[in-house]
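Me: I would like a careful look at one part of this structure, with enough of the surroundings to understand where that part sits. Please take your time over the answer and explain the reasoning as you go.

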Amino acid sequence: MTDTRAVVQPIPEAAEAKVAWRRTWVEGRPALYGVAGDGLPVAFLHGWALGSRSYRRSIDRLVALGCRVYAPALPGFGGTPDLAGRNFSFAGYADWVDAFLEAVGVEEQVFLMGHSFGGGVAIKTAHRHPQRARTLVLINSVGGSTWQSGSRLRAISERPLWDWGLHFPSDIWPLPQATKVLPVILEDVLPNLVRNPRALWKVGQLARRADLTRELEELKSRGLPVVVLWGARDGVVPRSGFDAMCTALGSEGEVIEGSHSWMLADPDQFGEVMTNHVEVAKLARRLESESGRWSRNHPVFRWLRR
């Protein structure tokens, strides 16, 4: 009988991964991306105003855990052209991610991860293209339905732009964290601001009003494993938004010590948090390869989702 217990090994030393920066064509237009490692295929979607280069140290940790990471520059960022106007939506981004994975030759289901705005894109991708995601991991993701104004819960669509933007500077401090996060963020933010300031504005407007709880409810009904992580000091994505996503999924989620940018400030912590989730996904992948493609309702997969 196959032993279904995931054996978690100590986290390997995370040497700097050899990320290859490449160009491909998605829907007839150029797209830039990084790829590194071997093993479990991971699609990593970056946050608003950033790009894959900001997450190099986090990618190192995933590679050390036995993953092959594909990290595209989403449309509007990192030199990848904007989505066409009629496609500018979370659905349009989801279709782009599906086409990107096809373009780079990823045929099996991926460990789909997204931070902040990238989390919203990941939700929509898993919902719209169910054949793509093996596991969905949301890190301080947009997509919750509410925000708190004083003692009152209000719809996320009512959150004013000034309140959303107000928390970005405070999210970087205190000073010890700022010295770790600022150089990483500015490496992507400044080029994106110079190259395509309009995209930053448009995507910011899309992100701050995102309510993807219905999509999460549907993913729950399909039985897709979903991990929701949130930084305890995050002011950009409010606690009420995190709670709304957890409610939609029927999950408690995981609260991490840190801010919206905790994975950039402390990639070692990110590696520790991700170890169990990656190992479970690798186990499911191995079982599928040994026993054929099982239904997600098989007892083994129900156990893995616990």
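Reply: Before turning to a single part, it helps to have the whole in view: in this predicted model, the accessible surface of the chain comes to about 13700 Å², and carbon and sulfur atoms account for 52% of that surface. The chain has 306 residues, of which 55% are buried, and its secondary structure consists of 11 helices and 10 strands. If we take the contacts between residues at least 6 apart in sequence, 75% of them join residues that are at least 24 apart.

The part I would choose for a close look is helix α2, which runs over residues 90-103. This helix has 14 residues, and the distance from its first C-alpha to its last is 20 Å, close to the 20 Å expected at 1.5 Å a residue. To judge how α2 sits in the chain, we can ask how many of its residues are buried, where buried means under 20% relative accessible area. The count is 11 of the 14, so α2 is largely enclosed by the rest of the structure. The buried residues begin with the run F90, A91, G92, Y93 and A94, and they continue with W96, V97, D98, A99, F100 and L101. Just after the helix comes G105, which takes a positive phi of about 80°.

A positive phi also appears at two residues that are not glycines, and both can be located in loops. One of them is A49, with a phi of about 70°, in the loop that lies between strand β3 (40-45) and helix α1 (56-64). The other is N140, with a phi of about 45°, in the loop between β6 (133-139) and β7 (146-149). As for their surroundings, A49 has a relative accessible area of 2% and is therefore buried, while N140, at 0% relative accessibility, is buried as well.

For a view of how helices can meet in this chain, consider α3 (residues 117-128) and α7 (residues 213-222), whose axes come within 10 Å and cross at roughly 50°. That angle is neither under 35 degrees nor in the range from 65 to 115, and α3 and α7 are therefore oblique to each other. The residues that make this contact are I123, K124, A126 and H127 on the α3 side, with E215, L216, E218, L219 and R222 on the α7 side. The crossing in which α3 passes α7 is left-handed.

Technical notes:
Residues are numbered from 1 along each chain as its sequence is written. This is a predicted model: local features need pLDDT of at least 70, side-chain atom pairs count only at pLDDT 80 or more; totals for chains, interfaces and linings use all residues. Side-chain values use heavy atoms; hydrogens and water are left out. Helices (H or I, at least four residues) and strands (E, at least two) are DSSP runs, numbered from the N terminus. Buried means under 20% relative accessible area, exposed over 50%, partly exposed in between (1.4 Å probe, protein chains only). The expected span of a helix is 1.5 Å times one less than its number of residues. Contact means heavy atoms within 4.5 Å. Accessible areas come from the Shrake-Rupley method with a 1.4 Å probe; for residues, only the protein chains shown count as cover. Axes are lines fitted to C-alpha atoms, for helices over the stretch in contact, and angles run from 0 to 180 degrees between N-to-C directions. Angles under 35 degrees count as roughly parallel, over 145 as roughly antiparallel, 65 to 115 as roughly perpendicular and the rest as oblique. A crossing is left-handed if the near helix is turned anticlockwise from the far one by less than a right angle, and right-handed if clockwise.
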